[in-house]
Amino acid sequence: MSRRFGGRAGALGAVLAFASLCPAAVRADDGQQLLTVDHYVRVSSQVPSITGQTTQVYVREKVKAGAALRGPARADRVVLFIHGAGTPAEVSFDIPYQDYSWMGYLADAGFDVFSMDTTGYGRSTRPAQMNDPCNLSEAQQAQFVPQLIPAPCTPAYPHQLTTIASDWHDIDTVVDYIRTLRHVDKINLVAWSLGGPRSGGYTAGHPDKVSKLVLLAPAYNPTSAAQAPATVPGTGVPFNVQSHADFVANWDRQVGCPAQYDQAASDSVWSEMLASDPVGASWGTGVRRAPQTQTWGWNNSVVSRMTAPTLMFAGIHDKQVSPDRVRQLYTDLGSPQKVFVDLGCASHNAMWERVHLQMFKASLEWLTSGTVNGTKSGILKMGY
């Protein structure tokens, strides 16, 4: 059972209010209940089109009522999830289907678990350019929203919308918010896909604030530019959209074994996707919107100097981030404590597939003791 609270006061205030009404219940059975708490963190934006404006980053927290009542958290028990290029964090890591919530799994194990949506995703501030379908590519204008655009139109803002630097700024603001809220110096980061450069690049710049990393299909490019390009923001379309049909097709092209995923899990993900984007849900039969992000900085030179203990997963059937790229990250990473897990019967969407509990269990062991199956460094196979 989950109880939902909103506001920026955090889980502790919510739980204390609940406890004042029925303290005996909280001390007993209710102490094991998972609370879901909404936070909206104020950010002085570094997104190019809205630089300096005050925006909000949506942060979701899941925590046991009893854990929240204990007072200041242990540093090794605080986790922040960071999403990839298309799907907001609360959909990526907290779908309400059976035992598929990665956030819920760690919270049930006693962690204080947070996730965040960078600017342009989910319930965070979306720059106005994302409300104008003319800012889509011409192909996406014709494919997804013809009823909104009677004829192709020229983008009013012909630039990528966000940058890796604006993402790092969002992350840093949220990390500091959590560190203050929970009275800890460091937290753990768990990330997926483009969340790799987001969390990894952030960790490289702020090693004093991050304890351990867990990366699923991190989008590592060893030869990417070390510094921001001369032109920021880059030329291009500001955002993209994805339909349900394309979501399913993209997943199905990565199926390589029987019963790799449960159709009901897929349906739950898409339902949550539309719920996180009411505007996109109203376009045609419903789409999810995501900003185009200009990236740089998380390359061989950077990762070779990183020392944070890092666990990384790659699905053998992933056709979005090649497992070879993740294996290259394992080779290049400077940390002496690193484990690469080769996931069989898994795609880019491993946390929504039948292999999910094996991955969740491995992440729990890593965050708790810095090992997977007792191994501190090496390459392992799971799910075969």
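## Salt bridges, helices and a small puzzle

E61 and R182 join in a salt bridge, with their closest N and O atoms 3.0 Å apart. This pair connects distant parts of the chain, since E61 sits in strand β3 and R182 in helix α7, 121 residues apart. Before we go further, keep in mind that the model you are looking at is predicted.

Are these two partners buried or exposed? E61 has a relative accessible area of 0%, so E61 is buried. R182 has a relative accessibility of 6% and therefore counts as buried as well. The cut-off behind both statements is that buried means under 20% relative accessible area.

**More salt bridges**

How many salt bridges are there in the model? The count comes to 12. Here are three of them, so that you can find them in the structure:

| Pair | Closest N to O distance |
|---|---|
| E61 and R182 | 3.0 Å |
| R60 and D94 | 2.9 Å |
| R126 and D277 | 3.8 Å |

Let us take R60 and D94, whose side chains meet at 2.9 Å, N to O. R60 belongs to strand β3 (residues 54-64), while D94 is in the loop between α4 (89-93) and α5 (102-108), so the pair ties together parts that are 34 residues apart in sequence. Both R60 and D94 are buried.

The next pair is R126 and D277, with 3.8 Å between the closest N and O atoms. R126 is in the loop between β5 (112-116) and α6 (138-144), and D277 is in the loop between α10 (263-275) and α11 (278-281), so parts that are 151 residues apart in sequence are tied together. R126 is buried, and D277 is too.

Salt bridges can also join up: D172, D176, R179 and K209 are linked in a network of them.

**A cavity beside a salt bridge pair**

You will meet R126 and D277 again here, since both help to line the largest cavity. Other residues in this lining include G86, P88, Y121, G122, R288 and R289. The structure holds one cavity of 30 Å³ or more, and about 40 Å³ of space lies in the largest cavity.

**A lysine without a partner**

Now look at strand β8, where K212 is found. K212 is buried yet has no salt bridge. How far away is the nearest side chain of opposite charge? That side chain is D76, at 6.0 Å. A salt bridge needs a nitrogen within 4 Å of a carboxyl oxygen, so a pair at a distance of 6.0 Å does not qualify. Apart from neighbours within four places in sequence, K212 is in contact with I187, N188, L189, P309, W366, L367 and G370.

**Two helices to explore**

Two of those contacts, W366 and L367, are among the buried residues of helix α14. This helix covers residues 356-369, and its 14 residues reach 20 Å from the first C-alpha to the last, close to the 20 Å expected at 1.5 Å a residue. Other buried residues in α14 include H356, M359, F360 and L364. An α-helix has 3.6 residues a turn, so residues three or four places apart point the same way. After α14 comes G370, whose phi is positive, near 75°.

Helix α8 (residues 195-205) is mostly covered, with nine of its 11 residues buried. Among them are G195, P197, R198 and Y202. What covers these buried residues? The cover includes β4 (78-82), α7 (164-182), β7 (187-192), β8 (210-216) and β11 (293-294).

Definitions and conventions: Residues numbered from 1 in each chain as written. Predicted model: local features only at pLDDT ≥ 70, side-chain atom pairs only at ≥ 80, totals over all residues. Heavy atoms only, no water. Buried < 20%, exposed > 50% of the residue type's maximum accessible area, 1.4 Å probe, protein only. Helix = DSSP H or I, 4+ residues; strand = E, 2+ residues; numbered from the N terminus. Contact = heavy atoms within 4.5 Å. Expected span 1.5 Å × (residues − 1). Lys, Arg positive; Asp, Glu negative; His and termini not counted. 1 Å grid on protein atoms, 1.4 Å probe; cavity = no way out; pocket = protein on both sides within 12 Å on 5 of 7 lines; lining within 4 Å. Points joined across faces, edges and corners; volume = space filled by probe spheres on them.
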